[in-house]
Amino acid sequence: METRTIAMPESPAAPRRGLTVEEFDALPDVDLEEGDWCELHDGEVVVVRGFTATPHDWAVARLVAILGGHLARARCGVVLTPGGVVLDRHRKVRADLVVLLEKYRGRLRRDAVHGPPDLVVEVLSPGTAMI
């Protein structure tokens, strides 16, 4: 997975401190390649290159099947993939897989998990092995 920072239009509500999650979510859509997405890293918008049917996708699918099956049988949580996570006001990321236990279900909102999930999995690929 390759990442790059992109320049976004200046916002009067976003001085040099970087964007907040609220400002990031209010930005207009940018023209991205199919499968790519944007994340917010410490107030900076970063474009993440997506994947197609690769061993990475197969690994994620297998993990979802294993973890999702266990959580469903135990009725103790959910698996989200891709899983959006709002870490704080200046960081919103998307992981390959996020587990949220039932007791923290209140952190799950329409757009992402707000706060720390119970498990985050990012499957490494040749492009992300050094990140």
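How many residues does the hairpin that joins β5 to β6 pass through? I began my notebook with this turn, and I found that two residues make the connection between β5 and β6. Before going on I noted that the model is a predicted one, so I treat what follows as a reading of a prediction.

**Entry on the hairpin strands**

I looked up how the two strands run, and strand β5 (residues 83-88) lies antiparallel to strand β6 (residues 91-95), with five bridges joining them. I then picked out one of these pairings, and for G83 the bridge partner in β6 is A95. As a reminder to myself, strands of a sheet pair through backbone hydrogen bonds, and the pairing can be either parallel or antiparallel.

**Entry on the three-stranded sheet**

Next I turned to the open sheet, which has three strands in the order β4-β7-β9 and antiparallel pairing. Its edge strands are β4 and β9 (119-121), each of which pairs on one side only. From one strand to the next, the twist averages 15°. I followed β4 and β7 along their shared border, where four bridges hold them in the antiparallel sense, and I noted that V79 has V99 as its bridge partner in β7. Helix α2 packs on this sheet and touches β4, β7 and β9, and the direction of α2 makes about 10° with that of β7.

**Entry on helix α2**

I then looked at the helix itself, which covers residues 55-74, 20 residues in total, and which reaches 29 Å from its first C-alpha to its last, close to the 28 Å expected at 1.5 Å a residue. Which residues of α2 are buried? I found H56, V60 and L71 to be buried, and when I looked down the axis of α2 its buried residues fell within an arc of 25°, so they line one face of the helix. On the other side of α2, I listed P55, W58, R62 and R73 as exposed. Among the elements that cover the buried residues of α2 are β4 (77-80) and β7 (97-101). Just past the helix I checked R75, which follows α2 and has a positive phi, near 50°.

**Entry on salt bridges**

My search of the whole structure turned up five salt bridges. In one of them D25 pairs with K92, and their closest N and O atoms are 2.8 Å apart. Why does this pair tie together parts that are 67 residues apart in sequence? The reason is that D25 lies in helix α1 (residues 21-26), while K92 lies in strand β6. I also compared how far each partner is open to the outside: D25 counts as partly exposed because its relative accessibility is 40%, whereas K92, at 12%, falls under the 20% cut-off and therefore counts as buried.

A second salt bridge links R91 to D88, with the closest N and O atoms 2.8 Å apart. R91 has 32% relative accessibility and so counts as partly exposed, and D88, at 32%, is also classed as partly exposed.

For a further salt bridge I noted E102 and R105, whose closest N and O atoms are 3.1 Å apart. E102 is partly exposed with a relative accessible area of 38%, and R105 is partly exposed with 36%. Finally, I wrote down that D25, K92 and D111 are joined into one network by salt bridges that share partners.

Notes. Residues are numbered from 1 along each chain as its sequence is written. This is a predicted model: local features need pLDDT of at least 70, side-chain atom pairs count only at pLDDT 80 or more; totals for chains, interfaces and linings use all residues. Side-chain values use heavy atoms; hydrogens and water are left out. The expected span of a helix is 1.5 Å times one less than its number of residues. Buried means under 20% relative accessible area, exposed over 50%, partly exposed in between (1.4 Å probe, protein chains only). The arc is that of the directions from the helix axis to the C-beta atoms. Contact means heavy atoms within 4.5 Å. Two strands pair if DSSP finds at least two bridges between them. Axes are lines fitted to C-alpha atoms, for helices over the stretch in contact, and angles run from 0 to 180 degrees between N-to-C directions. A salt bridge is a side-chain nitrogen of Lys or Arg within 4 Å of a carboxyl oxygen of Asp or Glu.
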